[in-house]
Amino acid sequence: MDERLRAEGLTLAYDERVVARDLSVRIADGSFTVIVGPNACGKSTLLKTLARVLKPRAGTVHLDGEPISSYASRHVARQIGMLPQSPVVPNGIVVEDLVSRGRFAHQRLLRQWSTVDESAVVEAMRVTEVLDLADRFVEELSGGQRQRVWLAMVLAQQTGILLLDEPTTFLDLAHQLEVLDLCADLHEQGRTVVAVLHDLNHACRYATELVVMRDGSVVAQGPPAEVITPVLVEQVFGIACRVMDDPETGTPMVVPASRSRRRETVQARAQPSLSAGS
Amino acid sequence: MTGVVRSERPASARRLVVRRGPVALRLRVRTLVVGAVLTATAIAIAVVNLASGDFPVPLRDVLWALAGQGDAGTEFIVVTLRLPRVLVALLVGAALAASGAVFQSLTRNPLGSPDFIGLTTGASTGALLVILILDGRGLPVAVGAIVGCVATSVAVYLLAFRHGAQAFRLILMGIGVSALLESTNSFLLLRARLSDALAAQVWLIGSVGGRSFTDVALVGIPLAVVLPVLLVLARRLSMLNLGDETAALNGVPVERSRAALALSAVVLAATATAAAGPVAFVALAAPHLAARLTRAPGPGILPAAAMGSVLMVAGDWIAQRVLPAKDVPVGIVTAALGGAYLTWLLAREWRRGRALG
């Protein structure tokens, strides 16, 4: 069976700069897919293309078997929700108003606040724990609170597929885990979650499926335990490391080599002997 | 009406939820109240304007005349002489303010009103060409203004707004185009005969004096068509305020919505300017003033329109009755009021430590 969301032969570009060529990826239904890769490897661009915010130069994104461009934008917005990396914070809007705007795709001119809308907004604010912030202005919230509010807005959209572009950036460790736990909860409730993350160890802990990207192409895809090896990390990030079992979860844990040992590997690059162990 | 006011919330957040049959709406109580008060104020000042003049008419007779029950003389003064002027003021104020609200919201910039992005200057150039070159008066001038305004907006759009360009670019481009047209206008005036130049100058200040029911229709019919369209599009406009990306992610067809909104606002600015000349600062100030009163996020098109009407009829009353010189064009008053407001706005923004835009 085909996946609900898949991309085939994408060429992604901003004006002249080509970010990716012939990029294909399938998002397993019901997975918690995490996309990792070095900066500027095309992760965010891929995510935006999957959400139809960007048009691919070539290739097609398929949603439920049809090209995503063939649907009305409102229909897509009821299937796929996305948390962008740095959304614009408008002035003078309170939390509840912002979260309510996540219902746009479900509303009609004269049907803007049905009981379904109301319960979707309340539920989204409840799971993200922002109900107490309902009447606060968004611009006066802390980074962590604000991120939860944006997440609530996306959840109010009630989509089966959730795309999250670096949802943990600018958050301290506690808030990072809070957001990731919430994503895991949403995944357990049956949603397909796709997130771009920078922290490999977080990625390995939470992902059921890892997509490793480099220079605009997918280098590896699969469960973290099968994908993450010292060779792969070195190949993708250029960092010598060890991969061990996370003592808490048993998932792979990437431990970068010390500064001096990394210097050695750089010098030893000519000889293809990898000094990393596992 | 099955309305529920959720009163446990702070006053600013109080909502009226209306659910009946296929209708399910949630309205901010404060916005409703402000809108109603502003509309009532505009109508009250309009009635005062109808009553006052060289032949003062008692308020009761004004109302009778409006109802078609007054004596012939009063009816002539109130309905034939004064009503078109007052109606033009009400409608032009509403149209300019609604247009300003849409543009400020689209550009996400408090200076993004039609005055600043070249539209009214373009309308002036069109009108001046008709007055000074084609020797036209009345309706042809209005047509010239509309053509000038629409042509300028197309030019600015093509130069700055393609490819979903930054809103800020639109404003800079508009200022550039404005300067160009402004110099064209000055050149045209400089070469004109004195009597023509005088007629042109009065038009350039913006006036509602000596208006007929043709002018009322000129601005009233487009307003009646466009305002409902804008109310439908307003939800998309609020979504666009969250950024193009977020809007698109929530199912807003971004480019199409922006084009439809801009076109509607251009129609309002063009016809309002055609009917009353480039009345200064109403489009800029009314949306801000209304937003300050409603304290609501988003474009607030209807409260802004009501505020625009208030500013125009009040401005016209001051221009006619308060200033020592008789029958000053309303544009002078709105420019003075608007200028004072803009200065205050800038000072306030700077105090807060950030420049506009």
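Trainee: How many residues of chain A are in contact with chain B, and how many of chain B with chain A?

Mentor: The count is 28 residues of chain A against 25 residues of chain B, where contact means that two C-beta atoms, placed from the backbone, lie within 7 Å. This is a predicted model, in which local features need pLDDT of at least 70 and side-chain atom pairs count only at pLDDT 80 or more, while totals for chains, interfaces and linings use all residues. Residues are numbered from 1 along each chain as its sequence is written, and chains are lettered from A and ligands numbered from 1 in the order in which they are written.

Trainee: Which elements give two or more residues to the side of chain A that touches chain B?

Mentor: They are α2 (73-79), β6 (80-83) and α3 (95-101) of chain A; helices (H or I, at least four residues) and strands (E, at least two) are DSSP runs, numbered from the N terminus. The most comes from α2(A), with 4 residues. By class, that side of chain A has 16 nonpolar, 7 polar and 5 charged residues. Here Ala, Val, Leu, Ile, Met, Phe, Trp, Tyr, Cys and Pro count as nonpolar, Asp, Glu, Lys and Arg as charged, and the others, Gly among them, as polar.

Trainee: What scores does the model have for ipTM and pTM?

Mentor: ipTM is 0.89 and pTM is 0.88. For chain B, the average pLDDT, the predictor's confidence in each residue from 0 to 100, is 86, and 92% of the residues score at least 70.

Trainee: Where in chain B does pLDDT stay under 50?

Mentor: Over residues 1-7 of chain B, for which the model has 14 contacts beyond four places in sequence. Where pLDDT is low, the predicted coordinates should not be read in detail.

Trainee: Let's turn to the sheet. What makes β2 and β5 of chain A edge strands?

Mentor: The open sheet has 4 strands in the order β2-β1-β4-β5 (chain A), with antiparallel pairing. β2 (17-27) and β5 (66-67) of chain A each pair on one side only, and that makes them the edges. Two strands pair if DSSP finds at least two bridges between them. Strand β1 (residues 5-14) of chain A is joined to β2(A) by 7 bridges, in the antiparallel sense. L5(A) faces I27(A) of β2(A).

Trainee: Which helix packs on the sheet?

Mentor: Helix α1 (residues 43-50) of chain A, which touches β1, β2 and β4 (58-63) of chain A. The direction of this helix makes about 120 degrees with that of β1(A); axes are lines fitted to C-alpha atoms, for helices over the stretch in contact, and angles run from 0 to 180 degrees between N-to-C directions.

Trainee: How do you know that β9 and β10 of chain A form a hairpin?

Mentor: The antiparallel strands β9 (residues 209-214) and β10 (residues 217-222) of chain A are joined by 5 bridges, and 2 residues lie between them. V212(A) stands opposite A220(A). In the turn, D215(A) has a positive phi of about 50 degrees.

Trainee: Why is V333(B) called buried?

Mentor: V333(B) has 25 C-beta neighbours inside 10 Å. A residue is buried if 20 or more other C-beta atoms lie within 10 Å of its own, exposed if 12 or fewer, and partly exposed in between, with C-beta atoms placed from the backbone; V333(B) therefore counts as buried. V333(B) lies in helix α13 (residues 330-351) of chain B. Leaving out residues up to four places away in sequence, V333(B) touches G315(B), I318(B), A319(B) and V328(B).

Trainee: And why does V328(B) count as partly exposed?

Mentor: V328(B) has 19 C-beta neighbours inside 10 Å, so V328(B) falls in the class between buried and exposed. V328(B) sits in the loop between α12 (301-322) and α13 of chain B.

Trainee: What is the phi of E129(A)?

Mentor: Phi is positive, about 55 degrees, although E129(A) is not a glycine. E129(A) belongs to the loop between α4 (115-127) and α5 (143-156) of chain A. With 13 other C-beta atoms within 10 Å, E129(A) is partly exposed.

Trainee: Last one: how do α1 and α3 of chain B pack?

Mentor: Helix α1 (residues 29-51) and helix α3 (residues 72-107) of chain B pack at an angle of about 150 degrees, with axes 9 Å apart. The contact of α1(B) with α3(B) has 7 nonpolar, 1 polar and 1 charged residues.
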